[in-house]
Structure formats: C-alpha cells, structure tokens
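User: Could you take a close look at one part of this model with me? I would like to start from a single residue and then move to the sheet.

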Amino acid sequence: MKKDQVIALDGPSGSGKSTVAKMIAAKLGLIYIDTGAMFRAAAYALQHTGIDFTKEKLEPAENQLIEKFFHDHRFQFAPEPGVLILLDNLNLTDVIREHHVSRLASQVSRHKVVRDFLKFWQRDIVKDRPAILDGRDIGTVIFPNAVLKVFLTASAEERAHRRTEELKVRGQTDVDFETILKDIKERDYVDMNREIAPLKKAEDGIELDSTGKSIPQIVDEIVGMWNERKGSL
C-alpha cells in the first residue's frame, strides 16, 4: 500500500508539537496543518449551542444539532499572516488561543460527531500534498499509513512551564504554574482515557522525549527521520 506523504506528529498538550511542526514544515517545504487550532475553533463555536460537552455521551438529538451546525456554517483553514481559522469569514485565530478554550477543546474532542467532522476536514486539506500534522491521533486514526509517525512527549512539569511562559508572552498574566500543571495533568488523563481515538503512540511510531532538548535539536532529529524514510521508499 502506498504511504501517505505525511509526518504524523502526536503527543500530549504542551509537548511542543506545534512549534516543532511549523519549523519542520518550513525546512522541508511541507504544508503545516494545525489540527489543535481546528479543534479549538470547533469548540469555541460549539459552546454557543448550549450543549454540555462534559457529559461522557451526547444524546442523539444533540449529535444531530452538532451535525446541522457543521453543515450550516463554513469553517476554513487559511494559513496566512494573521489568519489561521475562519468561521463564516470571522477570524477566530486569536480567540481560540485563550486558555479556557483549551479545556473546552479537550471536552468537545471526546465526541465522535466532532472528531468525524475534523477527520474529513483534515484529510480534505492535505489530499495529495506532502504535509505535517500535529495532534493526538494523527498517526493512529487520521493518517495511519503516514510515512513517518512521531510521538513527541515531555514531563508534565516541563510542559506546564512552557505553557505558562507562552501565556505570559500573549499577555495573560492572571494564570500561574500550578493551575496550568493541574490542567495539563487533567487533560492528559481525559485524552488518554477517552473511548474514541485516545492519545497513544502508534504501534509503528517513534517516541521522542523533548524534556531538556532545544526546539532546533528536536526539529533536526525529525527531519533526519523523514529524510531516511523518504529515501527508503
């Protein structure tokens, strides 16, 4: 079976996936698909439906409402300066980075109706273009036949530190390390224990621990893996 020309970069929240993926895309000339931003956009939009996404299972009528919402509204992935995700031409790029949207995205992402929408959206964007995608189930569900699957991880403390600094840079000074650490541990538990597409390393994936490593080091390691895999095809 022909391999999908994709680097599937999975891992827990705060492991550096997005930063690494963007740098790899620039270095290799791949299209970068920010799947986390897609889930955040869906979560941000769906919060206005009034559905309680903290429930383990949604009612059939709620699933139908979500399907109708996706049908009636237009989500666009538009990677360009200042614009990443559009909803009916409304730029959601900044609002989906707010901290509360991260927790909401984790709750929304456990439901199949949402994941199915995102799965087909992601596959449609990539099609026949070489790409790198980062997320939780890229190598296990979205592109199980990817050329390269990497599971990027780091200690919870390291990830909390990175997230805290990121939020401070964005001007959100009302959050502290302990709060972020607690949220990350809770999100890890939810992501790893959800019934649909749980966070885990693909059987043929390569685990890469980023704790104590610089971003350029990680990028170089993955670029080396890609070149090796591509050369053997």
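User: In which loop does Ala 197 lie?

Analyst: Happy to help, and please keep in mind that this is a predicted model. Ala 197 belongs to the loop between helix 8 (177–193) and strand 8 (206–209). Its backbone deserves a look: phi is positive there, about 45 degrees, although Ala 197 is not a glycine. Most residues other than glycine have a negative phi. Ala 197 is buried, because its relative accessible area of 13% falls under the 20% cut-off.

Asp 88 makes a good companion. This residue is not a glycine either, and its phi is positive at about 50 degrees. Asp 88 sits in the loop between strand 4 (83–87) and strand 5 (90–91), and with a relative accessible area of 39% it is partly exposed.

Now for the sheet, to which strand 8 belongs. It is an open sheet of 5 strands in the order 2-6-1-7-8, with parallel pairing. Strand 2 (31–34) and strand 8 are at the edges; each has a single partner strand, so one side of each lacks a neighbour in the sheet. From one strand to the next, the twist averages 20 degrees.

Further in, strand 1 (residues 4–10) pairs with strand 6 (residues 131–135) in the parallel sense over 5 bridges, and Ala 8 stands opposite Leu 133 in strand 6. Helix 1 (residues 17–28) packs on the sheet, where it touches strand 1, strand 2, strand 6 and strand 7 (146–153). The direction of helix 1 makes about 180 degrees with that of strand 6.

Terms used. Residues are numbered from 1 along each chain as its sequence is written. This is a predicted model: local features need pLDDT of at least 70, side-chain atom pairs count only at pLDDT 80 or more; totals for chains, interfaces and linings use all residues. Side-chain values use heavy atoms; hydrogens and water are left out. Helices (H or I, at least four residues) and strands (E, at least two) are DSSP runs, numbered from the N terminus. Buried means under 20% relative accessible area, exposed over 50%, partly exposed in between (1.4 Å probe, protein chains only). Two strands pair if DSSP finds at least two bridges between them. Axes are lines fitted to C-alpha atoms, for helices over the stretch in contact, and angles run from 0 to 180 degrees between N-to-C directions. Contact means heavy atoms within 4.5 Å.
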